[in-house]
Amino acid sequence: KHAAMGLLVGLCDLTAGEMGSNGTVDQRLAEGEAAREVLGAAWRVNLRWPDGKIGSKDDHARSAAELVRRARPRAVALPYWSDRHPDHIAASHVLTNAIFSSGLRRYRADGEPWKPDMTSYYFINESVPPSFVIDVTDQYDTKRRALACHASQFNPPAADAVHTRLTSPRFMKLIESRDAQFGALAGVDFAEGLVVREPLLRPHLLRHWERG
């Protein structure tokens, strides 16, 4: 949606998924690039942290902070801190610290200090009542096509493919039903729910207002 609005969007993968049950590293990198094109993102990078060991080295946070300083984003979306996958939990923790540290002038990392205006957290496997939702009805087919790019994870063609939670059609139903529920609560077809840690400032109680 932000790319369609004309904003510059970048994506960051932390690992190459080398511990995944299905697909090779090369396949997953190619799938990620294909999804980037579908989404309309301007760039995608992979920090190549060890899969299954996010946060195991001190330089993980520093490399993420350096990316923030190079990209200088106005807004950042991170994985929600509660999830069934340990790497997702670790990623949320390490990246939250990295974003905070990137704004400190005495933090020892390459680049000039930079603090995004907004940090929010998106859901992967779990969800809670969101702080706010974004209407993505017009972009939902794009989301489906981007997810379909990751065939090695959702529909692996290999004869020796392993059945996982992702290969079950119930996983896609989980994603779409969650987005549909958030949308229905907000009066639209599909919405992405996000969580923030700080209060959201609004100018008044009215939803819409123009000075008469």
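Which residues line the second largest pocket? In this predicted model, the lining is made up of Met118, Ser131, Phe132, Val133, Ile134, Leu200, Leu201, Arg202, Arg207 and His208. The space inside comes to about 440 Å³. Strand β5, which spans residues 132-135, supplies three of the lining residues, the largest share. Sorted by class, the lining of this pocket holds six nonpolar residues, along with two polar and two charged ones.

Turning to the helices, α4 takes part in two of the packings described here, one with α1 and one with α6. Take α1 to begin with. Helix α1 covers residues 25-39, and its axis comes within 8 Å of that of α4, the two crossing at roughly 165°. An angle over 145 degrees counts as roughly antiparallel, so that is how α1 runs relative to α4. The crossing of α1 past α4 is right-handed. On the α1 side the contact involves Ala35, Val38 and Leu39, and these meet Thr142, Arg145 and Ala146 of α4. Four of the residues in this contact of α1 with α4 are nonpolar, one is polar and one is charged.

The other partner is α6. Helix α4 (residues 140-148) packs against helix α6 (residues 169-186) at an angle of about 160°, and the axes sit 13 Å apart. Here too the angle puts the pair in the antiparallel class, so α4 and α6 are roughly antiparallel to each other. Helix α4 goes past α6 in a right-handed crossing. From α4 come Tyr140, Lys143, Arg144 and Leu147, which meet Met172, Ile175, Glu176 and Asp179 from α6. The class make-up of this contact of α4 with α6 is four nonpolar and four charged residues, with no polar ones.

A further helix pair is α2 with α3. Helix α2 and helix α3 (residues 86-102) pack with their axes 8 Å apart, at an angle of about 55°. That value makes α2 oblique to α3. As for handedness, α2 passes α3 in a right-handed crossing. Helix α2 brings His60, Ala61, Ala64, Ala65, Val68 and Arg69 to the contact, while α3 brings Val94, Leu95, Ala98, Ile99, Ser101 and Ser102. Split by class, the residues of the contact of α2 with α3 come out as eight nonpolar, three polar and one charged.

Helix α2 also serves as a landmark for a couple of backbone oddities, both of them arginines with positive phi. Arg48 has a phi near 55°, a positive value in a residue other than glycine. This arginine, Arg48, sits in the loop between β2 (43-46) and α2 (59-71). Arg72 is not a glycine either, yet its phi is positive, at about 50°. The place of Arg72 is the loop between α2 and β3 (75-79).

Conventions
Residues are numbered from 1 along each chain as its sequence is written. This is a predicted model: local features need pLDDT of at least 70, side-chain atom pairs count only at pLDDT 80 or more; totals for chains, interfaces and linings use all residues. Side-chain values use heavy atoms; hydrogens and water are left out. On a 1 Å grid over the protein atoms alone, a cavity is a set of points where a 1.4 Å probe fits but cannot get out, and a pocket is an open set with protein on both sides within 12 Å along at least five of seven lines; lining residues have an atom within 4 Å of a point. Grid points are joined across faces, edges and corners, and a volume is the space filled by probe spheres set on the points. Helices (H or I, at least four residues) and strands (E, at least two) are DSSP runs, numbered from the N terminus. Ala, Val, Leu, Ile, Met, Phe, Trp, Tyr, Cys and Pro count as nonpolar, Asp, Glu, Lys and Arg as charged, and the others, Gly among them, as polar. Axes are lines fitted to C-alpha atoms, for helices over the stretch in contact, and angles run from 0 to 180 degrees between N-to-C directions. Angles under 35 degrees count as roughly parallel, over 145 as roughly antiparallel, 65 to 115 as roughly perpendicular and the rest as oblique. A crossing is left-handed if the near helix is turned anticlockwise from the far one by less than a right angle, and right-handed if clockwise. Contact means heavy atoms within 4.5 Å.
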